[in-house]
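Dear colleague,

Please find below the sequence and structure that I am handing over to you. My notes on what was found follow directly after them.

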Amino acid sequence: MATAGATRETITLKGSTAIVTEFFGYAVDSILYQRGIYPEENFTRVKKYGLSMLVCTDERVRDYLKQVLSQISEWLLTGKLQKLVLVVASVATKEVLERWAFNIETDKESVQTGTTREKSDKEIMSEIQAIVRQITASITFLPLLDETCTFDLLAYTAADSAVPSTWEESDARLINKSAEVKLRSFSTKVHQVDAMVAYKNDDEGD
Amino acid sequence: MACKTPVKTPLGQACRERRAANCQEYQSPRPVALFRSAKKSTPCKTPSRIRSPGKGDRFIPSRRAMDLDVAHFTLMQESAKENAGSHASDCLSPTKEEYKRQLAGSLLRTDESEQCRILAFKHKAPAPPEGHVNPMRVLYSQNMDPAVRPAKKAFRHIPSAPERILDAPELVDDYYLNLLDWSARNTLAIALGSTVYLWNAASGTIQELMEAGNEGGEDYVTSVAWAGDGKHLAVGLGSSEVQLWDCEANKQIRSLRGHSARVGALSWSGPTLSSGGRDSLILNHDVRLREHITARMTGAHEQEICGLKWSPSGAQLASGGNDNLLHVWDAAQSAAPLHRIDQHQAAVKALAWCPFQANLLASGGGTADRCIKFWNTNTGACVNSIDTHSQVCALQWSPTERELLSSHGFSQNQLCLWKYPSMAKVAELTGHTARVLHLALSPDGTTVASAAADETLRFWKVFGGNDAASVPAGTRGKAAAKAQDSRSGLRSINIR
């Protein structure tokens, strides 16, 4: 017991990668639910981070996320991932309506020399909890997605990283006339994740 | 690996150390460096620096627009480079270095200060199902401005007596037929025995459209259904034929064959007409095509099909049969039903798709079942079920309120108006003396016509808003006709 408690305080690169990857999975799922991308009945409740999270049960979505996240975790392990962006675009017009960006800063020393950091599980969890709560609360300021939308995940990787065969280069898919809201961030001391959401805001430009 | 790391580490360390040294070295002159840059941009000399950070100085009144972090970073980089240059005595000329720096600065002055590659997974995430409406819509309409939001009707009077009664002699008393439909052009079609009559609701005129089996043989009409244009009527016959009529020209356009027994259920979705017969077969006909049968749905039902309804979006088709089964079909897939529902204990004739909530289907069972059940057709889950204590013959949703009207058989022969989703009974309309087999909604959404085995057709104004403003422009004529009717009081007309 004592050793288990002690090891929990140490964060390795591998462990941090697992935490961050898992967080991305749940964050994407809860954005999909909160923004109504897929029908409500495709979601099921699970307990996570001390919250009740909604997870998409659609097999094709699950399969997509599984494949993307496994690659993401590989990039996180090598410190190549700089940013993960969830793009919400209209099916009909292909116009980008929302952009959820997660900036990732990797501790260089951990990747290069494998040094470990100290941070308690509880602390990380409460930070993640805060971001998830913010995602849930985001519907209060984000405009209604009135048309059917799909989502896409963009990974910003280091320029020197190889492109896997199942991935392709994409443009940034930025929104013109957007408003941005910075969300909270969390850190495992190995990875620091800053969340931000940008949404289409036509009124401001006029 | 082994030979690489020892080479790399000292170099990296040295680099880091040097940078650390630079940092320390430039910690103190930093304000000077900043100050110098300000001096460079302004020709005159600033006599003394204002210390308060909020106010700025008189040359740069607002520093809010400046990214001081980036400025600091570039300054530090420059000095670091200078330092490095003096050490390594670069072969680059100062102008070239300046050019390089500027180029890099202008290229990398995006929000990503480092170069990166943007990648996306090739196999994209699936699109949401067809006709999916954002469920979050409710949240946005809930707190709408009261001026925009339609005024809430606290109380609505539901007349308990029919507005009008028409005789419908020889109406076949058969639970498995669908003999009544009301068109978008405000014409009611009703099949009485072997004849189809059209009753113009605006003018009250009656017209005989066709008579089945006029080639000597005995035949009768088993189903009628108006196409969306309100001009064409599909008529299913006991002889397994489906006829298509142009009701403006009073002419039969074509005859659709494919069934081997009587066709008791018809439903339109755009140019597609679905027909269900006693041969337990459902056919989709594209009425524009020469080879009109586009899909055969066989093997799902075992007995006569008596209920058939397309969803408003045209994405799903619900079919109910005498085998107590309810099937939901995907429009794009006719090989097997999307959902097979066997929870009813009797024939499923009454089917109604909810107009305000996509994927919600109400179905009612026959004498042995007596239940109205609500289904989420995306998942096939039963949302709600209530026992009505009477055979459910027909169901009709209100287009404006969240209400459902059901018609029943023994013992009350009543129509029930239910609130959804609470399923509280709002009203019970009695008057019919035999089971109420068919319901049809007027195009203005206020009146429901009910045809019963007592050979009467009654019109109930159950969903009606009292305000004339809510009546769409196209149905003003009817409203006027109705006003005239109400002046002359309740009338009873014989259809023939």
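**Backbone of chain B**

Ser240(B) is buried, with a relative accessible area of 12%. The model is a predicted one, and this residue is a suitable place to begin. Ser240(B) has phi near 75°, a positive value in a residue other than glycine. Its place is the loop that runs between β8 (232-237) and β9 (242-246) of chain B.

A second residue with positive phi is Asn324(B), at about 70°, and Asn324(B) is not a glycine either. The loop that holds Asn324(B) lies between β16 (316-321) and β17 (326-330) of chain B. Is Asn324(B) buried or partly exposed? Its relative accessible area is 24%, so Asn324(B) counts as partly exposed, given that buried means under 20%. Ser240(B), at 12%, falls under that cut-off and is therefore buried.

Two cis peptide bonds in chain B also deserve your attention. One leads from Phe410(B) to Ser411(B), with omega near 10°. Ser411(B) belongs to the loop between β24 (403-408) and β25 (415-419) of chain B. The other leads from Tyr420(B) to Pro421(B), with omega near 0°. Pro421(B) sits in the loop between β25 and β26 (425-429) of chain B. I would ask you to look at both bonds in the display.

**Chain B as a whole, and one hairpin**

Chain B has six helices and 30 strands. Of its 496 residues, 44% count as buried. Where contacts in chain B join residues at least 6 apart in sequence, 47% of them join residues at least 24 apart.

One pair of strands may serve as an example. Strand β19 (residues 348-353) of chain B is mostly covered, with six of its six residues buried. β19(B) runs antiparallel to strand β20 (residues 360-365) of chain B, and five bridges join the two. Within this pairing, Leu351(B) stands opposite Ser363(B) of β20(B). β19(B) and β20(B) form a hairpin, with six residues between the strands. In the turn of that hairpin, Asn359(B) has a positive phi of about 70°.

**The interface of chain A and chain B**

How many residues of each chain are in contact with the other? On the side of chain A there are 48, and they are in contact with 29 residues of chain B. The size of an interface is often given as the accessible area lost when the parts come together. Between chain A and chain B the buried area is about 3500 Å², of which carbon and sulfur atoms give 57%. In chain A, the residues that lose the most area to chain B are Glu41(A), Leu144(A) and Glu168(A), which together account for 16% of what that side buries.

Three salt bridges are counted between the two chains. One of the residues just named takes part in a salt bridge: Glu168(A) is joined to Lys124(B), and the closest N and O atoms are 3.7 Å apart. Twelve residue pairs are in polar contact across the interface, with both residues at pLDDT 80 or more.

Which elements of chain A give two or more residues to the side that touches chain B? They are α2 (13-34), α3 (59-78), β4 (81-90), β7 (149-158) and β8 (167-169). β7(A) gives the most, with ten residues. By type, the residues on this side of chain A divide into 26 nonpolar, twelve polar and ten charged.

The two chains also share strand pairing. β8(A) pairs with strand β1 (residues 116-121) of chain B in the antiparallel sense, over three bridges. Glu168(A) has Ala120(B) as its bridge partner in β1(B). Glu168(A) thus appears both in this strand pairing and in the salt bridge with Lys124(B).

**A residue of helix α2 in chain A**

Finally, I draw your attention to Thr17(A), which lies in helix α2 of chain A. Thr17(A) is buried, with a relative accessible area of 3%. The side chain of Thr17(A) reaches the backbone oxygen of Leu13(A) at 2.8 Å. Leaving aside residues up to four places away in sequence, Thr17(A) touches Ser73(A), Leu76(A), Leu77(A) and His191(A).

With kind regards

Notes. Residues are numbered from 1 along each chain as its sequence is written. Chains are lettered from A and ligands numbered from 1 in the order in which they are written. Side-chain values use heavy atoms; hydrogens and water are left out. Contact means heavy atoms within 4.5 Å. Buried area is the accessible area (1.4 Å probe) that two parts lose on being put together, summed over both. A salt bridge is a side-chain nitrogen of Lys or Arg within 4 Å of a carboxyl oxygen of Asp or Glu. A polar contact is a pair of N or O atoms within 3.5 Å; within protein, one must be able to donate a hydrogen and the other to accept it, and residues adjacent in sequence count only if both atoms are side-chain atoms. Helices (H or I, at least four residues) and strands (E, at least two) are DSSP runs, numbered from the N terminus. Ala, Val, Leu, Ile, Met, Phe, Trp, Tyr, Cys and Pro count as nonpolar, Asp, Glu, Lys and Arg as charged, and the others, Gly among them, as polar. Two strands pair if DSSP finds at least two bridges between them. Buried means under 20% relative accessible area, exposed over 50%, partly exposed in between (1.4 Å probe, protein chains only).
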